Amino acid sequence: MPDKVETTLMLMAAGEFSMGILGNAFIGLVNCMGWIKNRKIASIDLILTSLAISRICLLCTILLDCFILVLYPDVYATGKQMRIIDFFWTLTNHLSVWFATCLSIFYFLKIANFFHPLFLWMKKRIDSVIPRILLGCLVLSVFISFFVTENLNDDFRYCVKTKKKTNLTVRCRVNKAQYASIKICLNLLTLFPFSVSLISFLFLILSLWRHTRQMKLSATGCRDFSIEAHVGAMKAVISFLLLFIAYCLAFLVATSSYFMPETELAVITGELIALIYPSSHSFILILGSNKLRQASLRVLWKVKYILNRRNF
């Protein structure tokens, strides 16, 4: 049975999971309802829906791994179940990162103001290629996931129960060389989409600086919607970058802890921090989208109305 500290951490993880499911499910539901109603879906809504679905799956995978590690550590005894968890974690993790990168690129192409022929060519065709890009991200993520799990031994990670006073401690042992090489490759693979998002963010800053300078020269004094669009896109991208850095650090804490004698508490703590990334970014996206923000306000108004009616 888990002790009080582990129980507290598990409850916190369940709370973060619930908030993440709520935010991402709301994004997916609003966009899918609009898709059914209009019989078509905008590129930005397709990206947000794909991102929300991937993060729901990622949240489920992280929470499942956390609960299995604490409550049913014998599940990992043979290593076969570990392959399944690692496959789905790798798949959903890469899908989430790649879809977020697609969102950053889309913001950059749609909002930034440049006159380079290549930029204008990409800006004109981005809407038509978005479905194929998302499908390509899915295929690439599945390939990476199969490659990772097929190169793991059955005894890649196994847990042995040991008695220590009144507590039940789980000690996980790994093939260190293989484990380290695989995790390094995984982190290096996510550097590419992260770098693309960072470059998109820097170009958005450059575009905003140029646009602001032009506005000062023209001195119109009118409300500039382009600046608002730039700022909104930059908030979404920079929040993704910062949260993803925290997610990677938490993942490193969780994975490196397997080299230590006592691993369970460190793994749960790392996964607890990792849950912040897919949970909180969804609410930032909701606040940054006028469509989603208005829909959330309508839902809150209806909830408030129902509660007031019950009180009276």
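In the predicted model examined here, F240 and Y277 are both buried. The rings of F244 and Y277 have centres 5.7 Å apart and planes at 70°, and because this angle is over 60 degrees the pair counts as edge-to-face. This pair joins distant parts of the chain, with F244 placed in helix α6 and Y277 in helix α8, 33 residues apart. With a relative accessibility of 3%, F244 is classed as buried, and the relative accessible area of Y277 is 1%, so that Y277 is likewise buried, given the limit of under 20%.

Across the whole structure, 15 aromatic pairs are found. One of these is formed by F240 and Y277, whose ring centres lie 6.2 Å apart and whose planes stand at 45°, so that the arrangement is tilted. Since F240 belongs to helix α6 (residues 225–256) and Y277 to helix α8 (residues 276–288), the contact between the two rings ties together parts of the chain that are 37 residues apart in sequence. F240, F244 and Y277 also belong to one aromatic cluster, which further includes F194 and Y247.

Two members of that cluster, Y247 and Y277, recur in the largest nonpolar core, where, of its 64 residues, they touch the most other members. Helix α3 (residues 80–111) supplies the largest share of this core, namely 15 residues. When neighbours within four places in sequence are set aside, the contacts of Y247 are with L58, I62, W89, N93, A274 and Y277.

Turning to charged side chains, a search of the whole structure returns 2 salt bridges. In one of them, K291 is paired with D45, the closest N and O atoms being 3.0 Å apart. As K291 is located in helix α9 (residues 290–311) and D45 in helix α2 (residues 43–71), this salt bridge ties together parts that are 246 residues apart in sequence. The two partners fall into separate accessibility classes, for K291 is partly exposed at a relative accessibility of 36%, whereas D45, with a relative accessible area of 12%, is buried.

A salt bridge is also formed between the side chains of K110 and D127, with an N to O distance of 2.7 Å. Here, too, distant parts of the chain are linked, K110 lying in helix α3 and D127 in helix α4 (residues 117–150), 17 residues apart. K110 counts as partly exposed, its relative accessibility being 35%, and D127, at 34%, is also partly exposed.

Methods: Residues are numbered from 1 along each chain as its sequence is written. This is a predicted model: local features need pLDDT of at least 70, side-chain atom pairs count only at pLDDT 80 or more; totals for chains, interfaces and linings use all residues. Side-chain values use heavy atoms; hydrogens and water are left out. A nonpolar core is a set of buried Ala, Val, Leu, Ile, Met, Phe, Trp, Tyr and Cys residues joined through side-chain atoms within 4.5 Å. Buried means under 20% relative accessible area, exposed over 50%, partly exposed in between (1.4 Å probe, protein chains only). Helices (H or I, at least four residues) and strands (E, at least two) are DSSP runs, numbered from the N terminus. Contact means heavy atoms within 4.5 Å. Rings of Phe, Tyr and Trp (its six-membered ring) pair if their centres lie within 6.5 Å; planes under 30 degrees apart count as stacked, over 60 as edge-to-face and the rest as tilted. A salt bridge is a side-chain nitrogen of Lys or Arg within 4 Å of a carboxyl oxygen of Asp or Glu.
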